Amino acid sequence: MGQGLSDVKNKVFGGNEQDADKGEGASKSKKAKCADSNFGGDVADFIGTSTSETLAEGQFSVPEVLHLQQALKLAFAEDSMQKSLRRLEAQYPKRGQRGHDDQAAFTTQLQSLLLHVYRTVLPQKPWCLQAGWGGYKEMLLRSESASEDPRVIQGKEEINRLLGLPRLTVIRPPAEEPVFIETPDGSGNELSCASPMLVDADGDAAHEFWEEGKGGKLMVVEPAATCGLRIE
């Protein structure tokens, strides 16, 4: 997957980490309790170094960044994730060709896979970041102090390897999270309506039916033919 991806990288990824979107500042307060981590253990014990070094306000220490990278690597290495990545490779074989339709489609699908992991991992303790791309941006900002550490650089390269991306790729978030994302692998959630729907004589279902009354004014009406049959 790492071959022929330079054009895709230009759309979703950047070659310079300082170009990552800094439009969202790191949150100085926790508005919600963060989820329990599945990657437990004291951060210092995990790395074997002290976390007492002086840091700028809100910045992660090197051990904290390495711990977070390890959690992301475990998530990206899961069998289901790897199978999804292989399916994307096979589905969009021309993703590396500039201007090809495969490029945009592959980018969108890859972002949806990454989004699922960021929603799952980032809110966990001890990082307590936002779920999704907002948390990813916050992670970049709060990892700046540790970004030049050789172990952190190596961790980024290992994540790229798991994703099948070029070694020096810097993942960049989309301009905004999409309202909906196609999930051809069937992994999407089926949403249900919060309130029952009415059915009219034609079998059409809706929460409300509108008709044009006298004077051309629209008004809500009850589908009388079915006496307001409701679908739960």
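This is a short walk through one helix, its aromatic neighbours, a buried glutamine and a hairpin in the structure above.

Okay, thanks everyone. Before I start, keep in mind that this is a predicted model.

Let's begin with helix α3, residues 62-76. How many of its residues are buried? The count is 12 of 15, so α3 is largely enclosed by the rest of the structure. The buried set takes in aliphatic names such as Val 62, Leu 66 and Leu 72, but also His 67, Gln 69 and Lys 73. For the geometry, 15 residues at 1.5 Å each should span 21 Å, and the end C-alpha atoms of α3 are 21 Å apart, which agrees.

Now go to Phe 76, which belongs to that same helix, α3. What does its ring pair with? The partner is Tyr 118: the ring centres are 6.3 Å apart and the planes sit at 85 degrees. Anything over 60 degrees counts as edge-to-face, so that's what we call this pair. Tyr 118 is in helix α5, residues 101-121, and the two residues are 42 apart, so to speak, linking distant parts of the chain. Phe 76 and Tyr 118 are both buried.

And the pair has company. Ring pairs connect Phe 76 and Tyr 118 with Trp 133 and Tyr 136 in a cluster. Across the whole structure, the search turns up 5 aromatic pairs. While we're on rings, have a look at Phe 106 too: the charged end of Arg 95 sits over that ring, 5.3 Å from its centre.

Next, Gln 59, in the loop between α2 and α3. Buried or exposed? Its relative accessibility is 17%, and the cut-off for buried is under 20%, so Gln 59 counts as buried. Where does the side chain of Gln 59 reach? To the backbone oxygen of Leu 141, at 2.7 Å. Beyond its sequence neighbours within four places, Gln 59 is in contact with Glu 64 and with a run of residues including Leu 141, Arg 142 and Ser 143.

Last stop, the hairpin. Strands β5, residues 209-212, and β6, residues 218-221, run antiparallel and are joined by 4 bridges. If you want a spot to click on, Trp 210 stands opposite Val 220 in β6. There are 5 residues between the two strands, and in that turn Gly 215 has a positive phi of about 85 degrees. One reminder for looking at strands: in a regular one, the side chains alternate between the two faces of the sheet.

That's my tour, happy to take questions.

How values were computed
Residues numbered from 1 in each chain as written. Predicted model: local features only at pLDDT ≥ 70, side-chain atom pairs only at ≥ 80, totals over all residues. Heavy atoms only, no water. Buried < 20%, exposed > 50% of the residue type's maximum accessible area, 1.4 Å probe, protein only. Polar contact = N/O pair within 3.5 Å; in protein donor to acceptor, adjacent residues only side chain to side chain. Contact = heavy atoms within 4.5 Å. Phe/Tyr/Trp six-rings, centres within 6.5 Å; stacked < 30°, edge-to-face > 60°. Lys NZ or Arg CZ within 6 Å of the ring centre and 35° of its normal. Expected span 1.5 Å × (residues − 1). Pairing = 2+ DSSP bridges.
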